[in-house]
Amino acid sequence: MKLRIHPVVLLFMAVLLSSLFSSLFAKEYKVKVADYSLWRQASGWEGNQVPPDNLPAGSSIVVPSGATLVLEQGSRTINGANIDVKSGGTLSIEGGHLILKDGMIQVEGMLKTSFRGILEILGGTLICPTNKFWEYRTNSVKVKAGFWKDPVAETQSSNTPNLIGTIFQFRYYPSSAADFASYITIGAYVYATKNQALDAKLGLSDYNDFRVVAGLHGGKSVSFESVKYPGYFLTHENFQVKLQPKASGNSSFSREASFSVVPARKSQSVSFRPIDLPEHFLVIHNMKFEIKKKPLGAQNFIYEYERKAQPASPPSSTTSANSSNSSNNSGSTSSSLVGKLVQFDFAFYPSGYAGYYLYANKNQQQSLQKGKGGNNDFRVVAGLDGGSTVSFESVQYPGYYLRHEGFQMKLHPKSGGNATFSKDASFQLVPGLADAQKTSSFQAVNFPGHYIMHKNFKFILSQVPGIADKQSASFTMTP
């Protein structure tokens with residue numbers, strides 16, 4: 001009679017034997033307390049027990065306080081095992097290749113990579129705060145699957161603003177005064193282009209709008225869906241940020257399209273970092289949307305200002321009628337200002353701006369200078385583009401008009417018959433964006449939603465989504 005064993009019994013026996021086999025070979029390996037212990041040398045381990053190159057499941061390596069474990073050559077694989085770097089301990093990968101396939105590397109001390117050292121995460125979890133990580137060269141940690149968790153960042157979540165449901169725009173901020181002067185990028189935003197690396201481009205439209213949704217990978221992360229192309233999300237690939245369609249069931253895509261929100265020290269500012277590359281940040285660098293490491297990383301985006309804001313509407317006939325009866329200059333209609341000499345005076349004085357006025361300089365960007373004089377006076381004339389618009393002619397330099405060029409406000413001579421110049425030098429008078437009763441704002445006729453405003457003592461043309469921007473675009477027209 002042939003003995004038959006039920007398949008369920010066979011499966012149970014296999015699991016039992018596997019567990020027994022693992023327990024027999026699972027072991028704790030502890031590094032000696034020393035300044036420098038080489039992984040491959042027995043003298044660096046307690047009991048002279050060197051762990052195998054492929055650490056068995058259930059095993060662990062402990063790097064205690066005061067100990068430094070150095071992988072200087074060769075390849076080591078962690079598959080179902082753990083490495084525990086205690087506070088005061090150091091794991092230094094200097095020339096070898098450490099591969100985490102499954103299990104966990106937990107760092108309370110320091111993790112270092114030097115020279116040709118590489119840590120490759122193919123699965124499992126690396127738990128290491130970014131302030132406990134140091135590398136000699138960039139991109140020495142390669143997260144292809146699995147996770148890199150930063151406990152410090154996770155504890156900041158209570159201070160993280162809730163952006164989910166908002167429409168976000170990524171605006172380029174020049175990194176220095178020289179950069180600001182060299183590039184006309186004040187109005188540049190990340191522009192949605194399907195299946196390509198993304199750039200920042202001048203102007204603002206629905207191509208720049210991204211809806212913040214709950215992170216595709218879950219947890220406390222967020223993802224960014226294009227408003228122009230629903231179902232397409234920001235994701236990173238080879239350190240470039242791209243716009244790609246959602247790949248349902250693809251865990252790699254979900255990770256690469258999910259970002260942690262990091263509160264910045266600056267009020268109402270945040271940074272974003274990929275959940276699988278927590279030492280990197282979303283940045284706009286040289287007009288390219290990229291993933292960069294610190295210190296180039298951690299670019300702040302002002303979330304209140306970057307949210308979608310509807311441009312102010314031109315004044316209605318009711319508003320104009322009501323305003324014309326007020327006692328201040330903001331109530332003036334376009335026609336009532338024509339022929340008057342005015343100065344651009346600030347209704348809202350930022351720190352250090354008191355007593356400054358728009359100062360006329362021929363053929364260059366207009367700036368602010370302290371005190372009044374002939375260079376501050378402009379004659380309001382009927383708009384060169386016609387209609388109900390107005391234009392501003394310099395009193396100091398007759399025939400020269402304020403116009404926008406490259407989103408800078410400049411003073412150029414009138415170019416007869418040039419339709420572009422006429423439009424660039426014509427503005428629609430609207431009630432002040434920050435105070436409709438006491439101030440006036442001026443909207444470009446050929447760039448709806450863009451207004452004359454001051455920033456860093458320079459006059460520019462820009463959108464004004466934030467409170468501070470609206471104040472900078474609101475003027476008291478002093479006769």
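S472 touches I452, M453 and H454, leaving aside residues up to four places away in sequence. Start there and look around. S472 belongs to helix α9, which covers residues 467-472. Is S472 buried or exposed? S472 has a relative accessible area of 11%. Buried means under 20%, so S472 counts as buried.

Before going further, note that this is a predicted model. Confidence therefore matters, because pLDDT is the predictor's confidence in each residue, from 0 to 100. The protein chain averages a pLDDT of 76. A score of at least 70 is reached by 69% of the residues. Two stretches deserve caution. Residues 19-24 stay under 50 in pLDDT. For that stretch the model has 1 contact beyond four places in sequence. Residues 304-331 also have a pLDDT below 50. That second stretch has 54 contacts in the model beyond near neighbours in sequence.

Now step back to the whole chain. How many helices and strands does the protein chain have? The secondary structure comes to 9 helices and 38 strands. The protein chain holds 479 residues, and 47% of them are buried. Its exposed surface is about 22300 Å². Carbon and sulfur atoms supply 51% of that surface. Contacts can also be sorted by distance along the sequence. Take those between residues at least 6 apart: 46% of them join residues at least 24 apart.

Next, follow some strands. Strand β15 (residues 167-168) runs antiparallel to strand β18 (residues 210-214), and 2 bridges join them. F168 has F210 in β18 as its bridge partner. β18 also pairs with strand β19 (residues 222-226). That pairing is antiparallel too, with 5 bridges. Here R211 has E225 in β19 as its bridge partner. So β18 is a good strand to trace, because it pairs with β15 and with β19.

Move on to strands β24 and β25. β24 covers residues 280-285, and β25 covers residues 288-293. They run antiparallel and are joined by 6 bridges. H285 stands opposite K288 in β25. The hairpin of β24 and β25 has 2 residues between the strands. One residue to find in this hairpin is N286, which takes a positive phi near 55°.

Two loop residues also have a positive phi. N238 is not a glycine, yet its phi is positive, at about 55°. N238 lies in the loop between β20 (232-237) and β21 (240-245). F407 is not a glycine either, and its positive phi is about 65°. F407 lies in the loop between β32 (400-405) and β33 (408-413). Which of these loop residues is buried and which is exposed? N238 is exposed, with a relative accessible area of 67%. F407 is buried, with a relative accessible area of 9%.

Turn to E393, in strand β31 (residues 390-394). E393 counts as buried, at 14% relative accessibility. What is E393 in contact with, leaving aside its neighbours within four places in sequence? Its contacts include D377, F378, R379 and V381. P398, G399, Y400 and Y401 are also in contact with E393. L411 is 18 residues from E393 along the chain. The C-alpha atoms of E393 and L411 are separated by 8.7 Å.

Aromatic rings come next. The whole structure has 18 aromatic pairs. One of them joins F459 and F475. This pair is stacked, with 5.9 Å centre to centre and 25° between the planes. F459 lies in strand β37 (residues 458-462), and F475 lies in strand β38 (residues 475-478). The pair therefore ties together parts that are 16 residues apart in sequence. F459 counts as buried, at 1% relative accessibility. F475 is buried as well, with a relative accessible area of 0%.

One aromatic cluster brings us back to strands traced earlier. It is formed by F168, F170, F210, F224, F259, F272 and F289. F168 and F210 in this cluster are also bridge partners.

Finish with a charge and a ring. K201 lies over the face of Y191. The distance from the ring centre is 4.5 Å.

How values were computed
Residues numbered from 1 in each chain as written. Predicted model: local features only at pLDDT ≥ 70, side-chain atom pairs only at ≥ 80, totals over all residues. Heavy atoms only, no water. Contact = heavy atoms within 4.5 Å. Helix = DSSP H or I, 4+ residues; strand = E, 2+ residues; numbered from the N terminus. Buried < 20%, exposed > 50% of the residue type's maximum accessible area, 1.4 Å probe, protein only. Areas by Shrake-Rupley, 256 points an atom, 1.4 Å probe, with all protein chains shown as cover. Phe/Tyr/Trp six-rings, centres within 6.5 Å; stacked < 30°, edge-to-face > 60°. Lys NZ or Arg CZ within 6 Å of the ring centre and 35° of its normal.
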